[in-house]
Amino acid sequence: MFFDSVSSVVFPEVCYFCGAGNHVKGSVICPECRDSVRLVSQPFCNLCGLPLATFDDRSSLLCGRCLTKTPPYDKARYGVYYEQSVRAGVTRLKFHSSLFNVRPVAELLIDAFTTHYSNETFDAIVPVPVHKKRLINRGFNQVITISERLSRETGIVLDRTSLVKTRDTEPQVGLSRARRLVNLKNAFQVCRPPRIVNKRILIVDDVSTTGATVSEAAKVVRKAGASYIAVMVLALRSK
Ligand SMILES: [Zn+2]
Ligand SMILES: [Zn+2]
């Protein structure tokens, strides 16, 4: 894309989210857009990473759901809320993977990883896959696109082929958590178990509401023999 290749040369100081002048060094997001991005911060469940409703819950450090049933991963975290510039940026990226669209979203993902996982080591980043039918329609999976940047930044190997989506499922938006889980049942498969066995895996997804998709993905990664599974979801969509 001509615009992609020249954008950083021609517009070095433009915010990639809003197009306004950007004067923050090392960032493609301007201070105003940065301020509008709400981080998913404490109190959240120590295990699944979802916000806890009240400060009272904090004493347990786990949410009611995790207290009842242990999730199929060891730890999950959400970076930011899916709203305003994040929502606009992620939506744009879904339709076109230009550098201009990829960079700000990837920057938020890298920041979130640094906040929640900089003290941990991983053998591979495994992006949540889409079904091949959707890949044919859209041409790319935006989760892989931002995971590539995370991999480059952290030096963790990107494994884009071990986890596959074998069943095309209905969009999750608008479904209850129970329905989401039914919708996703047996939708994922690990096709190269040797690359997962005894490995520390970081599953990455872009947007989630209840964590149903990453849970289902983690389940098969666990079954394939991963020794540790962490989840990084860039954005949390409010119900
Ligand atoms: Zn901006
Ligand atoms: Zn929880």
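These legends go with a few close-up views of a predicted model.

**View 1. Four strands line up in an open sheet.**
Reading across the sheet, the strand order is 1-6-5-2, and the pairing is parallel. Strand 1 (75-81) and strand 2 (124-127) sit at the edges, and each has a single partner strand, so one side of each goes without a neighbour in the sheet. How much are neighbouring strands of this sheet turned against each other? On average it's 20°, with direction ignored.

**View 2. Here is where strand 2 meets strand 5.**
Strand 5 covers residues 200-208 and runs parallel to strand 2. How many bridges join the two? There are 4 bridges between strand 2 and strand 5. To get your bearings, look for Val-126, which stands opposite Ile-203 in strand 5.

**View 3. Helix 5 lies across two strands.**
Helix 5 takes in residues 99-117, and the strands it lies across are strand 1 and strand 6 (228-236). Against strand 6, helix 5 runs at about 135°.

**View 4. Helix 7 has a buried set of residues.**
Helix 7 spans residues 142-154, which makes 13 residues. From its first C-alpha to its last it reaches 18 Å, close to the 18 Å expected at 1.5 Å a residue. Which residues of helix 7 are buried? They are Gln-142, Val-143, Ile-146, Ser-147, Leu-150 and Ser-151. An α-helix has 3.6 residues a turn, so residues three or four places apart point the same way. And what covers the buried residues of helix 7? The cover includes helix 4 (84-95) and helix 5, along with strand 2 and strand 5. Just after helix 7 comes Gly-155, and its phi is positive, near 80°.

**View 5. Domain 1 and domain 2 touch each other.**
The domain assignment splits the chain into domain 1 (1-36) and domain 2 (38-236). Taken over C-alpha atoms, the centres of domain 1 and domain 2 are 26 Å apart. The contact draws on 12 residues from domain 1 and 9 residues from domain 2.

**View 6. Now for the side of domain 1 that touches domain 2.**
Helix 1 (2-10) and helix 2 (31-36) each bring at least two residues to this side of domain 1. Which helix gives the most to it? That's helix 1, with 3 residues. Sorted by class, this side of domain 1 has 8 nonpolar, 3 polar and 1 charged residues.

Definitions and conventions: Residues are numbered from 1 along each chain as its sequence is written. Chains are lettered from A and ligands numbered from 1 in the order in which they are written. This is a predicted model: local features need pLDDT of at least 70, side-chain atom pairs count only at pLDDT 80 or more; totals for chains, interfaces and linings use all residues. Two strands pair if DSSP finds at least two bridges between them. Axes are lines fitted to C-alpha atoms, for helices over the stretch in contact, and angles run from 0 to 180 degrees between N-to-C directions. Two residues are in contact if their C-beta atoms, placed from the backbone, lie within 7 Å. Domain bounds come from an automatic or database domain assignment. Ala, Val, Leu, Ile, Met, Phe, Trp, Tyr, Cys and Pro count as nonpolar, Asp, Glu, Lys and Arg as charged, and the others, Gly among them, as polar. The expected span of a helix is 1.5 Å times one less than its number of residues. A residue is buried if 20 or more other C-beta atoms lie within 10 Å of its own, exposed if 12 or fewer, and partly exposed in between; C-beta atoms are placed from the backbone.
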